[in-house]
Amino acid sequence: MPISPGLMRKGMALFLMFSAGWMVQTSWTVEIQVKVELQGAVEEAFERDVYFVAADAGGAILNSWTETLTFSDGIGETTLFEASEDMAFLSAKTKWTLRRRIACEPDEEGQAEAAFTEDAELRGGDLNGDNQVDMLDFGMLRYHWYTENEAADITGNGKTGMPDYNILQSNWYVTGDPE
Ligand SMILES: [Ca+2]
Ligand SMILES: [Ca+2]
């Protein structure tokens, strides 16, 4: 059977679709196993949204994710999918903490690990989202003092009080890392 121009076009279209799909897959197959520790968090389990950003060696942003993690003993874990193979850094931030950025590169099999723990834990006290701990955050904490509003509950026990203040104060005038 002779190959008609119509069939040729169909074949070419299929080939292009296949190539495009293959390219997308090979550029975005990195999986990151992530562990996050929150400074001063209570032992009981609670949930927090964590905002992750992957950047290349020059600091250009490649991917971002918002994941809800369950923290128990102050530690939460998750897996981030479809990260770029050009990734060199991963940063993490919550609405109660400063941003932390750590080195994170995939191995030959497209696997990467990122531990925001111990010295790289997420330090608490940035409550207004400007990645710095100062008077504006203290103002929010004072406003919610002894309430059950979660806005200033850095420790995750559902209330705002002295333990939250102590964490904020320990990071006074500290600025977080870039994305
Ligand atoms: Ca702040
Ligand atoms: Ca608290």
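**Exercise 1. Which residue in β3 stands opposite D49?**

Solution. This is a predicted model, so read each pairing as a feature of that model.
- Find the strands. β2 covers residues 46-55, and β3 covers 61-71.
- Determine their sense. β2 and β3 pair antiparallel, over 10 bridges.
- Read off the partner. T68 in β3 stands opposite D49.

**Exercise 2. Place β2 and β3 in their sheet, and explain which strands have a side without a neighbour.**

Solution.
- Write the strand order. The sheet is open and has four strands, β3-β2-β5-β6. Its pairing is antiparallel.
- Look at the ends. β3 (61-71) and β6 (100-103) are the edge strands. Each has a single partner strand, so one side of each lacks a neighbour in the sheet.
- Add the twist. From one strand to the next it averages 25°.

**Exercise 3. Describe how β5 and β6 are joined.**

Solution.
- Locate β5. This strand spans residues 89-93.
- Count the bridges. Four of them join β5 to β6, and the two strands run antiparallel.
- Pick out a pair. L90 stands opposite I102 in β6.
- Check the connection. Six residues lie between β5 and β6, and the two strands form a hairpin.

**Exercise 4. Work out the layout of the sheet that contains β1.**

Solution. Recall the rule: strands of a sheet pair through backbone hydrogen bonds, either parallel or antiparallel.
- Write the order. Three strands form an open sheet, β4-β1-β7, with mixed pairing.
- Name the edges. They are β4 (75-83) and β7 (111-116), and each pairs on one side only.
- Add the angle. Neighbouring strands here are turned by 15° against each other on average, direction ignored.
- Take one pairing. β1 (residues 30-37) and β7 pair in the parallel sense, over six bridges.
- Find a bridge partner. Q33 is matched with E113 in β7.

**Exercise 5. Which is exposed and which partly exposed: E82 or Y173?**

Solution. Both residues also have a backbone feature to check. Most residues other than glycine have a negative phi.
- Start with E82. This residue is found in strand β4. Its phi is positive, about 60°, although E82 is not a glycine.
- Count around E82. There are 15 other C-beta atoms within 10 Å. The exposed class ends at 12, and the buried class begins at 20. E82 is therefore partly exposed.
- Turn to Y173. This residue is found in the segment after α3 (162-170). Its phi is also positive, near 65°.
- Count around Y173. There are 8 other C-beta atoms within 10 Å, so Y173 is exposed.

How values were computed
Residues numbered from 1 in each chain as written. Chains lettered and ligands numbered in written order. Predicted model: local features only at pLDDT ≥ 70, side-chain atom pairs only at ≥ 80, totals over all residues. Pairing = 2+ DSSP bridges. Axes fitted to C-alpha atoms, helices over the stretch in contact; angles between N-to-C directions.
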